[in-house]
Amino acid sequence: MNIADLRKSYERAALSEDDSHPDPLQQFGRWFEEALNSELPEPNAMTLATVGSDLRPSTRVVLIKGYDAAGLVWYTNYDSRKGLELAGNPWAALQFHWTELERVVRIEGRVERVSAAESDAYFQTRPLEHRIGAWASAQSRVLSSRAALVAQALKVGAQFVLQPPRPPHWGGYRLRPDRWEFWQGRPNRLHDRLRYRLEGTAWVRERLYP
């Protein structure tokens with residue numbers, strides 16, 4: 001099979017100014033609910049893009065844990081590559097790709113840490129094994145072997161038993177959007193793209209060429 005011949009015609013839906021919400025958060029809520037109700041595999045998965053001090057971009061998949069007028073929230077290790085890059089450059093981008101719905105949502109904005117209280121509250125809702133893993137993993141650093149990681153997890157489990165506290169190097173981030181883009185696949189590559197950009201306190205909605 002020739003990879004260059006792989007292509008798909010997008011036929012499922014359309015995205016018009018009349019049908020979209022003037023508030024991008026409300027539009028995202030509509031699409032996110034549709035993704036959830038469609039029982040897609042991991043509809044909460046989003047790609048996070050950051051840029052380091054060396055100007056090299058990097059991406060990884062994280063899971064959204066909440067969204068509201070303040071922004072979109074996820075949790076991770078502050079000392080990971082993404083955490084260190086966000087410490088040096090707080091501007092980032094998120095992307096959802098709901099393949100089965102032929103939709104993409106892109107979000108850009110400034111990132112900040114959520115409060116310690118918010119991180120503490122979420123950490124206590126995680127499965128015990130996940131809380132242990134947050135202590136056991138020096139995320140993004142070189143690991144000598146899988147066995148070393150498992151041994152560290154066992155050590156942490158024995159230390160904290162059923163009540164591991166939130167590690168000081170682990171917590172939440174919130175991206176406060178100043179740009180949103182909603183992409184709906186259409187036939188003949190004439191896709192629908194609606195961009196929302198923040199001007200002052202108002203959102204400006206624009207259609208972009210596909």
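This report describes the fold, the two annotated regions, the salt bridges and the largest pocket of one chain.

**Overall layout**

The model is predicted. The chain has 210 residues, and buried residues make up 38% of them. Its secondary structure consists of 5 helices and 9 strands. Read from the N terminus, the order of elements is α-β-β-β-β-α-β-β-α-α-α-β-β-β. Along the principal axes, the C-alpha atoms fill a box of roughly 55 × 50 × 40 Å. Many contacts span long stretches of sequence: of those between residues at least 6 apart, 65% join residues at least 24 apart.

**Two annotated regions**

An unreviewed UniProt entry places two domain features on the chain. The feature "domain: Pyridoxamine 5'-phosphate oxidase N-terminal" is set at residues 32-157 in that record. In the model, the span 32-157 is 34% helix and 34% strand. Its end C-alpha atoms lie 36 Å apart.

The record also gives "domain: Pyridoxine 5'-phosphate oxidase dimerisation C-terminal", at residues 170-210. The make-up of residues 170-210 is 0% helix and 71% strand. Here the end C-alpha atoms are 39 Å apart.

**The largest pocket**

The largest pocket holds about 440 Å³ of space. Its lining counts 19 residues, and Y75, T76, R126, Q139 and W170 are the closest to its centre. Several elements contribute. Strands β2 (57-63) and β4 (71-77) each supply at least two lining residues, and so does helix α4 (128-136). Sorted by class, the lining has 9 nonpolar, 6 polar and 4 charged residues.

**Helix α4**

Helix α4 also has a buried side. R131, I132, A134 and A136 are its buried residues. What covers them includes helix α3, helix α5 (146-160) and strand β7. G133 lies in the same helix, α4. Is G133 buried or partly exposed? G133 counts as partly exposed because its relative accessibility is 27%, and buried means under 20%. The C-alpha atom of G133 is 8.5 Å from that of V156, which lies 23 residues away along the chain.

**Salt bridges**

Side chains of opposite charge can pair when their charged atoms come close. The model contains 15 salt bridges. Three of them are listed here.

| Pair | Closest N to O distance |
|---|---|
| R174 and E118 | 2.9 Å |
| R197 and E199 | 2.3 Å |
| E206 and R197 | 2.8 Å |

Which parts of the chain does the R174 and E118 pair link? R174 sits in strand β7 (residues 170-184), while E118 belongs to helix α3 (residues 116-123). The two are 56 residues apart, so the bridge links distant parts of the chain. The partners also differ in burial. R174 is buried, at 10% relative accessible area. E118 is partly exposed, at 29%.

R197 takes part in two of the listed bridges, one with E199 and one with E206. R197 is partly exposed, with a relative accessible area of 25%. Its partner E199 is partly exposed too, at 44%. E206 has a value of 21%. E206 therefore counts as partly exposed, since the cut-off for buried is under 20%.

Salt bridges also form a network. Its members are E17, R186, D192 and R207.

**Around W91**

W91 is located in strand β5 (residues 91-98). How exposed is W91? Its relative accessible area is 42%, so W91 is partly exposed. Leaving aside residues up to four places away in sequence, W91 touches G109, R110 and D178. G109 is 18 residues from W91 in sequence, yet their C-alpha atoms are 5.7 Å apart.

**Recap**

Helix α4 recurs in this account. It helps line the largest pocket, and it carries buried residues such as I132 and A134. Strand β7 recurs as well. It is among the elements that cover the buried residues of α4, and it holds R174, the partner of E118.

Technical notes
Residues are numbered from 1 along each chain as its sequence is written. This is a predicted model: local features need pLDDT of at least 70, side-chain atom pairs count only at pLDDT 80 or more; totals for chains, interfaces and linings use all residues. Side-chain values use heavy atoms; hydrogens and water are left out. On a 1 Å grid over the protein atoms alone, a cavity is a set of points where a 1.4 Å probe fits but cannot get out, and a pocket is an open set with protein on both sides within 12 Å along at least five of seven lines; lining residues have an atom within 4 Å of a point. Grid points are joined across faces, edges and corners, and a volume is the space filled by probe spheres set on the points. Helices (H or I, at least four residues) and strands (E, at least two) are DSSP runs, numbered from the N terminus. Ala, Val, Leu, Ile, Met, Phe, Trp, Tyr, Cys and Pro count as nonpolar, Asp, Glu, Lys and Arg as charged, and the others, Gly among them, as polar. UniProt positions are given in the numbering used here, feature names are shortened, and annotations may be inferred rather than shown by experiment. A salt bridge is a side-chain nitrogen of Lys or Arg within 4 Å of a carboxyl oxygen of Asp or Glu. Buried means under 20% relative accessible area, exposed over 50%, partly exposed in between (1.4 Å probe, protein chains only). Contact means heavy atoms within 4.5 Å.
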